Amino acid sequence: SKMNQINDSDYFVKLGLEKNIESGNKEDYSNLLLVSGINSYKKKEYNQAKKTLEKASKIIKNHSYNSQNLAISKFYIGMSNYETNNILYLDNFKSVDSIIIDTKNITSELRNIYPKLIEYYKESGDKENQLFYIEHLLEIDSILNRNNYSLSEEINKKYDTPILLKEKELLISELGSK
């Protein structure tokens, strides 16, 4: 799935799900559903992706499995909502943010929620939340840089640290004047 060989990935997910019937391992089952949902998202089958990922999220959450997998499932549910112009993406992205901030466990993939959250609050004129997510993005970038992850060039061009810091200071001064 990460290599975008979706047909091959789907084949092995199906095989894994068949074998899982014998073992009944819920964690493996949730992981296979997660990959299946991501594959559906990548095929632009957003409704199917949401359905599969919601099922995976519920299992992961109910059994306290890997919190990063929960964040990834919420991320792709949110992205599916975002792609279909469903405002529920905000709730999904906020869930991802909560998991990231609690665990400090982040991937460059999950980082992609922050520019969308910042842009949403910027367009809606909500400076407090815009500032809140700029601060979170700066914290996340610090963690990623410390862990030597490579960041997306497109996002770096649009939201590099100096611009974020300048925007943060401007928002603080505007909010302070209120």
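Me: How much area does the protein chain expose, and what share of it do carbon and sulfur atoms supply?
Reply: This is a predicted model, in which local features need pLDDT of at least 70 and side-chain atom pairs count only at pLDDT 80 or more, while totals for chains, interfaces and linings use all residues. Residues are numbered from 1 along each chain as its sequence is written, and side-chain values use heavy atoms, with hydrogens and water left out. With accessible areas taken from the Shrake-Rupley method and a 1.4 Å probe, the protein chain exposes about 10,200 Å², of which carbon and sulfur atoms supply 49%.

Me: Which share of the residues in the protein chain is buried?
Reply: Buried here means under 20% relative accessible area, computed with a 1.4 Å probe and protein chains only. Of the 178 residues in the protein chain, the buried ones make up 42%.

Me: In which helix does Lys-168 lie?
Reply: Helices are DSSP runs of H or I with at least four residues, numbered from the N terminus. The protein chain has nine helices and zero strands, and Lys-168 falls within residues 161–177, the run labelled helix α9.

Me: Which side chain of opposite charge is nearest to Lys-168?
Reply: Lys and Arg count as positive and Asp and Glu as negative, with His and the chain ends not counted. Lys-168 touches residues including Leu-131, Ile-134 and Glu-135, a contact being heavy atoms within 4.5 Å. Although buried, Lys-168 has no salt bridge, defined as a side-chain nitrogen of Lys or Arg within 4 Å of a carboxyl oxygen of Asp or Glu. The nearest side chain of opposite charge, 4.0 Å away, is Glu-135.

Technical notes
Helices (H or I, at least four residues) and strands (E, at least two) are DSSP runs, numbered from the N terminus. Buried means under 20% relative accessible area, exposed over 50%, partly exposed in between (1.4 Å probe, protein chains only). Lists of a residue's contacts leave out its neighbours within four places in sequence.
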